[in-house]
Amino acid sequence: MSKYTPENIRNIVLCGHGGSGKTTLADAFLNVTGTVKRPASVDDGTSICDFDDEEKAHKYTIETSCVNFNWEGKHFDLFDSPGYPDFIGGAIGAMGASDTAAIVVNASAGIEVNTRRVFAEAKKAGLGRMVIISKMDGDNIEFDKLIDSIHSVFGQEAALFNVPIGHGADFSGVVDVLNPTEAAGALIDPNDLHESLIESIVSVDDAAMERYFEGELPNAEEMAKLIAKGVKDKVLIPVFCVSARTGVGVKELLSALAAFALPSNVIERTAKNAEGEDVVVEPNPEGAVVAQVFKTRIDPFVQKINYMRVYSGTLKTGSNVPLVGSRKGVKIAQLYEVQANELTPVDEATPGMIVAVTKTEELKTCSTLGEVEMPTFAFPTPMVGLAAFPKSRGDEAKVSIALGKLAEEDSTFKVERNDQTKQLVITGMSELHLQILQERLKRRDKVELDTKEQKIPYRETIQQKAEDSYRHKKQSGGAGQFGEVHIRMYPFPGGTDPEEFATDKSRFPSLKEWKYFPENNFLWVDSVVGGSIPANFMPAIEKGFKDCMENGVLAGYQVQDLCIEVHFGKYHPVDSNEQAFRTAAKGAFKATFAKARPSLLEPIVNLDVTVPVDKVGDVNSDIVAARRGRPLGVEDAGGGFQTVKAEVPFAEITTYSRTLASMTGGQGSYTIEFNRYDVVPGNIQNEVVAKAEKHEDEDL
Ligand SMILES: Nc1nc2c(ncn2[C@@H]2O[C@H](COP(=O)(O)OP(=O)(O)O)[C@@H](O)[C@H]2O)c(=O)[nH]1
Ligand SMILES: [Mg+2]
């Protein structure tokens, strides 16, 4: 295995928009290099890379797959990533293990939404970048226009390294711009591009540039070094043309990747040591082991598989390695080389290599093996939430285990039980994302979910002081029930000091005792005089109040921001008991609450929406006109994008992803974060209360 030195390894992520031909290209690489001999096609479900059942059914990539092959003495680890923004998590994980991002652009469709997105993500991840113009055999190709738009999006760093001969059915070859030959039918004369390409290559190094202007051309070997430096320094983005379907340009592309994609030891990697200081991770096979998990998959047969890249040291089958954040470390029972869905046991893995390990429950995506911690990957926060229920009763435990597995595999999927609404909420990147994950649950874990819009975790409170009482009296045969409680309710806004409030003599002149419950910002005051309620019934009264606080009065939501003073009552020496006083307390609570201008509170979130500059106006007016939002301002987000900041009620934003996608042609993204609870406008309160009355206990 150690025949793969770090400088001979090329770790490349194929990324770009869905349908641009990434998977077909990865399959073609495996065929052309003789690694996998059987024919493979996305369209008839025989793809090597799209092997998953959901991928075969939908005919597009959902998860990144890892394959490897050799070409011209270089060892390639290639990551075929999903192209739709719904599954961007897979692409971001793969970028974490790569040195070069090869961004695939469909020659007919041009730059698409996810093309821009992955370009920006690759830049953020610090990767070298290349562009592959694919499907050159496709229809309606306007090559000059395509090159212009590539320049306008990727910048002048993007440079054609080969030009196509013909397009569509006539696409018959590519001509190298570095060493142009006569070629009839080339879409651009390679000689016209040659000089400016050489100039941009030599300009990555001052000495080379000086020599060039003195008339000295770098030789082939020097040229390759300069190109690699340009890619590493992000001043050069080589562009190549290919058709994976017809095979034209595939070998040339492989050779170019072998020559110009970054070797695995070129980008300097840093990690944090136990003291939190940055340390450089040397790609040294003799060093201490550092490896990082970039993908986790739960396979129905072999259980959890963690895919990782080794950065330093030699990871060995059978060894015990430290794990950041764990005292025990991990036992590496068996390492595997990965070829899509096939795992082949190997003894060891050296820096730059990609390997998988099974039977390691303690590992998950981003985990670092070793003494130092590698940076985590910047997965986007999922925003689209749905309440989920098992289709069949009794499946609750199975569902929660299965959802937990999904969350381990997919860093852009979250599952959480909302304490307030008691709903199980699943959150993903989009409705499509959640739908595909449900298909996986059904196939793999044999559980089915029903989903619906999640409940908004409203709260209830009061807005004015009120008082009332309740007598609970029952005479049924032998012993009766008797208890009477008189109370006053006061609004108790968040942030009020409970001690100051309770010990204010003008408010409670005969204060006996007070208690504060921070969970619902509830202050309980006992000012009963003359023993009208014996002290031993006070705990039962307190329980009665708490019952109401938990279950709400208006629409079944938790009550908060409230002070209750018990100031008077009546009891019966025989018929009074704890149960009677608890019931009386509840009655008093409900009667008083109704008089105290009860109101609903709703969660308000901070919303950040990032969109192309020309969409800012639309986004702003939608926030104000359709979502009861309050815009706070606009900030520049770079690259022709701006971020609109606003405060918006959470209830108005639960299906925002759909609106934003149609408003921006899929180019917008947003985040939300809880800010505070605020009073719901009267008309909306009436709607919520009416709905609660109609649908009571619908989920039970
Ligand atoms: N004409 C043509 N079609 C292609 C080519 N590469 C892929 N396709 C087709 O385009 C569709 C999407 O391809 P796929 O590889 O799944 O794209 P991905 O989403 O980027 O992985 C499939 O129907 C492929 O057969 C190509 O080079 N030429
Ligand atoms: Mg694909």
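**Entry 1: the largest cavity**

I looked up the largest cavity in this predicted model and found a volume of about 270 Å³. I noted that 21 residues line the largest cavity, and that Glu63, Gly89, Gly90, Glu409 and Asp410 are the closest to its centre. Next I asked which elements give two or more residues to this lining. I recorded α3, β12 (290-299) and α11 (431-445). Of the elements, α3 gives the most, with five residues. By class, I entered seven nonpolar, nine polar and five charged residues for the lining of the largest cavity. My search of the whole structure returned three cavities of 30 Å³ or more.

**Entry 2: α3 against α4**

Since α3 contributes to that lining, I followed this helix to its contact with α4. Helix α3 spans residues 88-95 and helix α4 residues 113-124. I read an angle of about 30 degrees between them, with the axes 10 Å apart. Angles under 35 degrees count as roughly parallel, and α3 and α4 are therefore roughly parallel to each other. The crossing of α3 past α4 is right-handed. From α3, I listed Ile88, Ile92 and Met95; they meet Asn114, Arg117, Val118, Glu121 and Ala122 of α4. The residues of this contact comprise five nonpolar, one polar and two charged.

**Entry 3: the second largest pocket**

I then turned to α4 from its other role, in the lining of a pocket. The second largest pocket holds about 1400 Å³ of space. I counted 39 lining residues, with Arg117, Gly666, Gln667, Gly668 and Ser669 nearest the centre. Arg117 is also one of the α4 residues that meet α3. Which element supplies the largest share of the lining of this pocket? I found that α4 does, with nine residues. Elements supplying at least two residues each are α4, β32 (598-612), β33 (630-638), α16 (656-664) and β35 (669-679). I classed the lining of the second largest pocket as 18 nonpolar, twelve polar and nine charged residues.

**Entry 4: α13 against α14**

Finally, I examined helix α13 (residues 538-551) and helix α14 (residues 578-595), whose axes come within 7 Å and cross at roughly 45 degrees. That angle makes α13 oblique to α14. I noted the crossing of α13 and α14 as right-handed. On the α13 side, Ala540, Ile541, Lys543, Gly544, Phe545, Asp547, Cys548 and Met549 take part. On the α14 side, their partners are Glu578, Phe581, Arg582, Ala585, Lys586, Phe589 and Lys590. I recorded eight nonpolar, one polar and six charged residues in the contact of α13 with α14.

Terms used. Residues are numbered from 1 along each chain as its sequence is written. Chains are lettered from A and ligands numbered from 1 in the order in which they are written. This is a predicted model: local features need pLDDT of at least 70, side-chain atom pairs count only at pLDDT 80 or more; totals for chains, interfaces and linings use all residues. Side-chain values use heavy atoms; hydrogens and water are left out. Axes are lines fitted to C-alpha atoms, for helices over the stretch in contact, and angles run from 0 to 180 degrees between N-to-C directions. Helices (H or I, at least four residues) and strands (E, at least two) are DSSP runs, numbered from the N terminus. Angles under 35 degrees count as roughly parallel, over 145 as roughly antiparallel, 65 to 115 as roughly perpendicular and the rest as oblique. A crossing is left-handed if the near helix is turned anticlockwise from the far one by less than a right angle, and right-handed if clockwise. Contact means heavy atoms within 4.5 Å. Ala, Val, Leu, Ile, Met, Phe, Trp, Tyr, Cys and Pro count as nonpolar, Asp, Glu, Lys and Arg as charged, and the others, Gly among them, as polar. On a 1 Å grid over the protein atoms alone, a cavity is a set of points where a 1.4 Å probe fits but cannot get out, and a pocket is an open set with protein on both sides within 12 Å along at least five of seven lines; lining residues have an atom within 4 Å of a point. Grid points are joined across faces, edges and corners, and a volume is the space filled by probe spheres set on the points.
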